[in-house]
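Q: Please take one part of this protein and describe it closely, for someone who has not seen the structure before. Add whatever is needed to place that part in its surroundings.

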Amino acid sequence: MFTGIVEELGEVTAVEQLAEASRFRLRGPVVTEGAKHGDSIAVNGVCLTVVETEDGEFTADVMQETLNRSSLGALAAGSRVNLERPMALGGRLGGHLVQGHVDGTGRIISRTPSEHWEIVKVSLPENLARYVVEKGSITVDGVSLTVVEAAADYFTISLIPTTLALTTLGIKQSGDPVNLEVDVLAKYVERLLAAGVNPLHAKETAQ
């Protein structure tokens, strides 16, 4: 489980194409400190398993399913990436609950800079639109953000200087793909309601 608070702006140092998979080597001295085989690290919001670490770099295998559902397939040596280690139990939840399971991808439609922040408009897949609400949370390339405007086929986010400086969202251009993860709590609620579960009845039963 992650929080969407990016710890480090890392870099892809190598990509090896395998049969129905890719092996990525990434530089991230902060997130690799103390990391070992089997640990998880979120790369642009995608939870990946560490295969090995050495000299501030780590290797992760990315299966075809992940390449199909995320923008990781577009990465190459030299690409910058957002990195985050899993949340430690008992720590502060700075963003919101993020699983690192990408729900889909969008594209940056436009960027509108102002004096102290920048408004970014992102396309929204039709199947995810119902989970995105004004003032709700969404994860974009692993960054926990608050939705400013939610429409049927796009949403907007407001980026402060810190986010622009410390994540890849500061260098993404119009047309660039981004990974999207919606709030998992909304998906659970939808599933329960579709199954005919009445939350009020469930509460009364529990008492």
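A: The account below starts with the two barrels and then turns to Ser144.

This is a predicted model, in which local features need pLDDT of at least 70 and side-chain atom pairs count only at pLDDT 80 or more, while totals for chains, interfaces and linings use all residues. Residues are numbered from 1 along each chain as its sequence is written, and side-chain values use heavy atoms, with hydrogens and water left out.

A closed barrel of 6 strands has the order S1-S2-S5-S4-S3-S6, with antiparallel pairing. Its twist averages 45° from one strand to the next. Strands here are DSSP runs of E, at least two residues, and helices are runs of H or I, at least four residues, numbered from the N terminus; two strands pair if DSSP finds at least two bridges between them. Angles run from 0 to 180 degrees between N-to-C directions, with axes fitted to C-alpha atoms.

Within this barrel, S3 (residues 40-43) is joined to S4 (residues 46-54) by 4 antiparallel bridges. Ser40 has Thr49 as its bridge partner in S4. The hairpin of S3 and S4 has 2 residues between the strands, and Asn44 takes a positive phi near 50° there. S3 is also joined to S6 (residues 80-84), by 2 antiparallel bridges, and Ala42 is partnered with Glu84 in S6.

Another closed barrel of 6 strands runs S7-S8-S11-S10-S9-S12, again with antiparallel pairing. Its neighbouring strands are turned by 45° against each other on average, direction ignored. Antiparallel strands S7 (residues 104-113) and S12 (residues 177-182) are joined by 4 bridges, and Thr105 has Asn179 as its partner in S12.

An unreviewed UniProt entry annotates residues 1-96 and 97-193 as "domain: Lumazine-binding"; such annotations may be inferred rather than shown by experiment, and feature names are shortened. The span 97-193 is 16% helix and 41% strand, and its end C-alpha atoms lie 21 Å apart.

Ser144 belongs to strand S10 (residues 143-150). Ser144 counts as buried because its relative accessibility is 16%, where buried means under 20% relative accessible area, exposed over 50%, and partly exposed in between, with a 1.4 Å probe and protein chains only. The side chains of Ser144 and His96 make a polar contact of 2.7 Å. Such a contact is a pair of N or O atoms within 3.5 Å; within protein, one must be able to donate a hydrogen and the other to accept it, and residues adjacent in sequence count only if both atoms are side-chain atoms. Leaving aside neighbours within four places in sequence, the contacts of Ser144 (heavy atoms within 4.5 Å) include Thr3, Gly4, Gly95 and His96.
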